[in-house]
Amino acid sequence: MTRFIEFVIALLIVIVLFVVIGLTLPSKRSFSYSTETNRPMSTVNDLVNGFARFDDWNPILRHDPRARLSVSGPTMGVGAKVSYTSNDRVIGDGSWEIVESIPGEMVKYRLENNARGDDKSMTIRLERTGQRNQNVKITQEYRVNYGWDLLGRYAGMYASRNVGDDIKRGLDKLSNLLATVPKFDYSSHPHDFQFTDLPAQNVLLVTTAAQRNNDEIAEAMQNQVAWIKKVMDANGLAPAGPLRIVTNEFTSATYGFDVVQPVRKRGANEPAEADDEAADEDAADEGADAVEGEDADAEEEGPIVEGSDTLPTEPVKSGPIELLTVKLEGPVQYEQQPARRLAMTDYSGPAPGLPRVRDQLRAWAMTRGADVTDRPFEEYLDPIPKMLAEDAHFKVYWPIK
């Protein structure tokens, strides 16, 4: 009996000590870690202000690669939410939801998970640093309130090691991800970026190259366009959209590219193009109509789907198109190009500014969860001789996976 009483007394002492020490422990915990990147603020902000690339930098999937993620709400900003489900007891079920967002300054997430504590939040603060403020300091801060949960207060003693290690890993992964995004500030681009679909098309094309000289490039383009028009006239074909220039190689010395013309059968009462300049203008006009869905022949091949800044999740659907019988001449080739999903933007200005726009488009697409593939191309909405004018118009595309 004496031993039992001693055991009870010892147990009471332990309980009292547990309570007393627990009450002295902090009821709230917070800690933060930082990293720095030389990528533009727009790139950093867009990566953390949504969940398109969440699984590429957040360490949740490191603990359980089979965890299932689902995104809901808007693409970016307040209300965007990612929920996860895991059979791993450590991960369990939970979510991150953006509850506050100040572009270029901070993004605050409300966290729901199996860990002890309430009012859990993760805040990412952005600050311009470095010479001429060209770098961005990224600080990630975790906060939790244990209140009167004494077990939670004890668990908080290890939070900086458990949650803190995940924050460090996440920031390292975020830095590595940012390093793969082209260092171009797309926020300065005056036109919208969007994702769109291009249907399958019949095209005539010529592969060529020229020295990095504007006049030589323009001359090479016009020479190949002349070959394409000759084949079109000989085979009763008409333009099915604007002329395209597909970049194959872009070096300091040379520019390799394809000249591509979407084509269709010419109508029975449709006259052939009278001259090169008229053909250029009509092709540009007809291409604009096809994009807007106003051209009947273009609609038969499938119009371009209206774009959005949300990455499409369904594969591009396009019905079969008629295989044309074409008698080729010179360097001209005939292809049926498949339906494709693309990132797209407009550009107004001289053609030498196009390489920068391509890189801006690629950076924008990557922050939205898309990886570019194949080769970028432009639609020339004005005749080639006008390509160096300040008011020349182009549509810039880059296929995505």
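Here are some notes on this structure, which is a predicted model, set out point by point.

1. **The overall picture.** Start with the big inventory: the secondary structure of the protein comes to 10 helices and 17 strands. The protein has 401 residues, and buried ones make up 45% of them. On the outside, about 20500 Å² is exposed, with carbon and sulfur atoms supplying 50% of that area. Now look at the contacts with a separation of 6 or more: 70% of them come from residues 24 or more positions apart.

2. **Helix H1 and its nonpolar patch.** Go to the start of the chain and find Leu17, which sits in helix H1 (residues 2-24). Leu17 has a relative accessibility of 47%, so it counts as partly exposed. Leu17 also helps to make a nonpolar surface patch of about 1100 Å². The other members of that patch are Met1, Phe4, Ile5, Phe7, Val8, Ile9, Leu11, Leu12, Ile13 and Ile15. Try colouring these residues in your viewer.

3. **Helix H2.** How many of the residues of H2 are buried? The answer is 8 of the 8 in this helix (residues 41-48), so H2 is largely enclosed by the rest of the structure. Polar names turn up on the list too: Ser42, Thr43, Asn45 and Asp46 are buried in H2, along with Met41, Val44, Leu47 and Val48.

4. **Arg53 and its surroundings.** Move on along the chain to the loop between H2 and helix H3 (54-57), where you will find Arg53. Is Arg53 buried or exposed? With a relative accessibility of 8%, it counts as buried, because the cut-off for that word is under 20%. Leaving aside neighbours within four places in sequence, Arg53 is in contact with Leu47, Leu177, Met366, Thr367, Gly369, Ala370 and Asp371. Thr367 deserves a second look: it is 314 residues from Arg53 along the chain, yet the C-alpha atoms of the two are separated by 7.0 Å.

5. **Helix H10.** Thr367 is also one of the buried residues of H10. This helix (residues 354-367) has 14 residues, which at 1.5 Å a residue should span 20 Å; the end C-alpha atoms are 20 Å apart, so the two values agree. H10 is mostly covered, with 12 of its 14 residues buried. Among them are Leu354, Arg358, Asp359, Trp364 and Met366. After the helix comes Gly369, which has a positive phi near 90°.

6. **A salt bridge within H10.** Side chains of opposite charge can pair when their charged atoms come close. In this helix, Arg362 forms a salt bridge with Asp359, and their closest N and O atoms are 3.6 Å apart. Why are these two about one helical turn apart? It is because they lie 3 residues apart in H10. Arg362 counts as partly exposed, at 24% relative accessibility. Elsewhere, Arg53, Asp56 and Asp371 are joined into one network by salt bridges that share partners.

7. **Strands E4, E5 and E6.** Here you can follow the chain through two hairpins. Strand E4 (residues 93-102) pairs with strand E5 (residues 106-112) in the antiparallel sense, over 7 bridges. Ile102 stands opposite Met106 of E5. The E4 and E5 hairpin has 3 residues between the strands, and Gly104 takes a positive phi near 75° there. E5 then runs antiparallel to strand E6 (residues 118-129), with 5 bridges joining them. In this second hairpin there are 5 residues between the strands, and Gly117 in the turn has a positive phi of about 110°.

8. **Arg110, with two kinds of partner.** Which residue of E6 is the bridge partner of Arg110? It is Ser121. Arg110 also forms a salt bridge with Glu97, where the closest N and O atoms are 2.9 Å apart. That pair links distant parts of the chain, since Arg110 is in E5 and Glu97 is in E4, 13 residues apart. With a relative accessible area of 39%, Arg110 is partly exposed.

9. **A buried salt bridge.** The structure holds 18 salt bridges, including one in which the side chains of Glu379 and Arg244 meet (3.9 Å, N to O). The pair links distant parts of the chain: Glu379 is in strand E16 (residues 377-380) and Arg244 is in strand E11 (residues 243-250), 135 residues apart. Glu379 and Arg244 are both buried.

Conventions: Residues numbered from 1 in each chain as written. Predicted model: local features only at pLDDT ≥ 70, side-chain atom pairs only at ≥ 80, totals over all residues. Heavy atoms only, no water. Patch = residues over 30% accessible without salt bridge, like charges linked within 9 Å, V, L, I, M, F, W, Y side chains within 5 Å. Areas by Shrake-Rupley, 256 points an atom, 1.4 Å probe, with all protein chains shown as cover. Salt bridge = Lys/Arg side-chain N within 4 Å of Asp/Glu carboxyl O. Helix = DSSP H or I, 4+ residues; strand = E, 2+ residues; numbered from the N terminus. Buried < 20%, exposed > 50% of the residue type's maximum accessible area, 1.4 Å probe, protein only. Expected span 1.5 Å × (residues − 1). Pairing = 2+ DSSP bridges. Contact = heavy atoms within 4.5 Å.
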